[in-house]
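Colleague: Thanks for sitting down with me. Could we walk through this one together?

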Amino acid sequence: MGFLPNIGPAEVLSQLLVGLSRAMILFTVCSGLSFVLGVLRVPNIAHGSLYMIGAFATFSLSKWIGGSAGFWLALVLAPLIVALLSLIAERALFCRLYQREHLMLLLFTFALALILGDLTKIVWGAEYRSVSAPDILKGSISLLGASFPRYNLFLIFVGLVVAVALWLFVNR
């Protein structure tokens, strides 16, 4: 098989772990969406927009506070900001639509997603933003001879913590 590159177990493990770390990002977003749909019976199309606001809030908080403390505090405070925004939306808007058809909730949350997207562009602009990881999450570790980014390992850990926390919240 001369057309295949020389792929060893270290490269396979590295690719599996990178894929797992990316899947943990999607799992974290989707777990919130399925939790809201499963518990509240609200098909929330605006969930992605709320996630986006959380990401931009993380960017703003980390830049405002600065340093590695900014990263860690933003990781805690940004979800609280989104939770507060969601609570306000639920108390002011969603509670009036619970007794209606799901189509009304779908249309409303779609409109809310469009509004939140435009408000985000007004506040933060449409440019790409990023938050630099603290020094402890920079660099890589060696796994079977292949390097694996520490930040990706952190993403896998956070995904597992979210999974266990949701399981405990639902079942306990």
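Modeller: Happily! One cut-off first: a residue is called exposed when its relative accessible area is over 50%, buried when that value is under 20%, and partly exposed in between. Aspartate 135 has a relative accessible area of 63%, so this residue is exposed. Keep in mind that we are looking at a predicted model.

Colleague: Good to know. Which residue forms a salt bridge with aspartate 135?

Modeller: The structure holds three salt bridges. In the one with aspartate 135, the closest N and O atoms are 3.8 Å apart. The partner has a relative accessibility of 43%, so it counts as partly exposed. That partner is lysine 138.

Colleague: And glutamate 90, in its salt bridge with arginine 91: how far apart are the closest N and O atoms?

Modeller: The two ends of this pair sit in separate classes. Arginine 91 counts as exposed because its relative accessibility is 59%, while glutamate 90, at 17%, counts as buried. Between their closest N and O atoms the distance is 3.4 Å.

Colleague: Let's go inside. Which helix supplies the largest share of the largest nonpolar core?

Modeller: In soluble globular proteins, nonpolar side chains tend to be buried together. Here the largest nonpolar core has twelve residues, among them Val42, Ile53, Val82, Phe94 and Leu112. Helices α2, α3 and α4 (102–124) each supply at least two of them. The largest share, four residues, comes from α4.

Colleague: Is serine 49 buried or exposed?

Modeller: Serine 49 lies in helix α2, which spans residues 47–65. Leaving aside residues up to four places away in sequence, serine 49 touches Ala113 and Leu116, both of which are listed in the largest nonpolar core. Its relative accessibility is 10%, so serine 49 counts as buried.

Colleague: Which residue's backbone oxygen does the side chain of serine 49 reach?

Modeller: Ala113 is one of the residues that serine 49 touches. The serine 49 side chain comes to 3.3 Å from a backbone oxygen, and that oxygen belongs to alanine 113.

Colleague: Now the surface. Which helix gives the most to the nonpolar patch?

Modeller: The patch includes Trp64, Trp72, Leu75 and Ile136, and its residues together have about 960 Å² of accessible area. Two elements, α2 and α3 (67–92), give two or more residues to the patch. Leucine 75, found in helix α3, counts as partly exposed because its relative accessibility is 39%. With seven residues, the helix that gives the most is α3.

Notes. Residues numbered from 1 in each chain as written. Predicted model: local features only at pLDDT ≥ 70, side-chain atom pairs only at ≥ 80, totals over all residues. Heavy atoms only, no water. Buried < 20%, exposed > 50% of the residue type's maximum accessible area, 1.4 Å probe, protein only. Polar contact = N/O pair within 3.5 Å; in protein donor to acceptor, adjacent residues only side chain to side chain. Contact = heavy atoms within 4.5 Å. Patch = residues over 30% accessible without salt bridge, like charges linked within 9 Å, V, L, I, M, F, W, Y side chains within 5 Å. Areas by Shrake-Rupley, 256 points an atom, 1.4 Å probe, with all protein chains shown as cover. Salt bridge = Lys/Arg side-chain N within 4 Å of Asp/Glu carboxyl O. Core = buried A, V, L, I, M, F, W, Y, C linked by side-chain atoms within 4.5 Å.
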